[in-house]
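Please look through the structure below before reading on. The report deals with cores, sheets, helices and a pocket in turn.

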Amino acid sequence: MVHENETTVRGTVDAPWRIGTRGSLLALTQAGHVRDALIANGQQAELVIVKTAGDQNATDPVQKIGVGVFTAALREELAAGTVDIAVHSYKDLPTAQDPLFNIAAIPPRQDPRDALVARDGLVLGELPAGAKVGTSAPRRSAQLKALGLGIEIVPLRGNLDTRISKVVNGELDAVVVARAGLARIDRLDAVTESLEPVQMLPAPAQGALAVECRSADTELVTILSALDDPGTRAAITAERMLLAELEAGCTAPIGALAEVVESLDDDGRVVEELSLRACAAAIDGSDVIRASVVGPVADAEKLGRALARELLELGARELLSVTEESNDVESAELTDDSNPSPMENQR
């Protein structure tokens, strides 16, 4: 155990592990799952709400307030020792690793697909030309435009309930959000269509959580590692390596999805492999470059690098350069719980 002093041992009833989390409903739910898993493993834990710049500014796009606003505050508290564990939506983390921290666990991933919430139970193909569809993500916006449906993309921020309410009150015809977020807060009833990857590839690491602690807390790293899912870790490693190799952040119009699949080897035996699909899109939807690769699960990093190089050879850098010059066109992708909950506002 990590000792705060000679008499206090973390993970006990008197000194539970302190899990830092944002105060939104989704963030609290995600961190609550980690807390409950630790308790089930005999470790005591509690949630500690941390306010972030992204929570306090729910109007400006992420390019203005800074990429990483949803993770920086949690990491500051972790580094300061005021919390022991931080729970992040993995897609919000910078691609560059910080040696001060260790992502000790990546729990089983929720369904990574995007979801449509539309009026009158409509699916994407049924939306009329000119329909107003809300999304804050350049990735979603670009892929929606590329489908050529004639819909109007409307920039969107706010927590999941706020986004859904814009459809209910008629302000928008539909919104596109992460299905995983809706699943975690028990709002899958609002989904009118789960968008298949062939229509829209999700953001790298969408639906996955990163459970992080200080690298120096080696015993806590071991405790948290019991929550890790190897298949999810391999998939996220491949997707994030692709993002890093493309030198693109979480606001870039890049989609990626890795999955552990079964295949046959040369001797006819069933083996597990990692399938990775990715795309880079022009922000105006005029072009989408797609590629895929399959290889050993143990080669997750190599597969991510290889697919990134293929996308670059196909012209992804040119598309991304155009996007980088168009920061005023779209607001950036946010975790779908960007506003604080009433619980946080009371603190």
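In the largest nonpolar core, which has 27 residues, Leu 242, Leu 246, Ala 248, Ile 254, Leu 276, Leu 307 and Leu 311 touch the most other members. Such a core is a set of buried Ala, Val, Leu, Ile, Met, Phe, Trp, Tyr and Cys residues joined through side-chain atoms within 4.5 Å, where buried means under 20% relative accessible area with a 1.4 Å probe and protein chains only. Two or more residues of this core come from each of α9 (230-245), β11 (254-264), β12 (270-281), β13 (288-296), α10 (300-313) and α11 (316-324). Helices (H or I, at least four residues) and strands (E, at least two) are DSSP runs, numbered from the N terminus. A second, separate core of 18 residues includes Val 34, Ala 45, Leu 209 and Leu 227.

This is a predicted model, in which local features need pLDDT of at least 70 and side-chain atom pairs count only at pLDDT 80 or more, while totals for chains, interfaces and linings use all residues. Residues are numbered from 1 along each chain as its sequence is written, and side-chain values use heavy atoms, with hydrogens and water left out.

Two open sheets are set out here; strands pair if DSSP finds at least two bridges between them.

| Strand order | Pairing | Average turn between neighbouring strands, direction ignored |
|---|---|---|
| β7-β6-β8-β5-β9 | mixed | 30 degrees |
| β11-β12-β13 | antiparallel | 20 degrees |

In the sheet of 5 strands, β7 (152-154) and β9 (193-195) are at the edges with a single partner strand each, so one side of each is left without a neighbour in the sheet. Within this sheet, β6 (residues 132-134) and β8 (residues 174-178) pair in the parallel sense over 2 bridges, and Gly 134 stands opposite Val 175 in β8. Helix α5 (residues 138-146) lies across β5 (114-118), β6, β7 and β8, at about 130 degrees to β8. Angles run from 0 to 180 degrees between N-to-C directions, with axes fitted to C-alpha atoms, for helices over the stretch in contact, and contact means heavy atoms within 4.5 Å.

In the sheet of 3 strands, β11 and β12 pair in the antiparallel sense over 11 bridges. Leu 264 has Val 270 in β12 as its bridge partner. Helix α9 lies across β11 and β12, at about 140 degrees to β11. Helix α9 also gives the most to the lining of the largest pocket, with 6 residues. A pocket is an open set of points on a 1 Å grid over the protein atoms alone, where a 1.4 Å probe fits, with protein on both sides within 12 Å along at least five of seven lines; lining residues have an atom within 4 Å of a point.

Note on methods: Buried means under 20% relative accessible area, exposed over 50%, partly exposed in between (1.4 Å probe, protein chains only).
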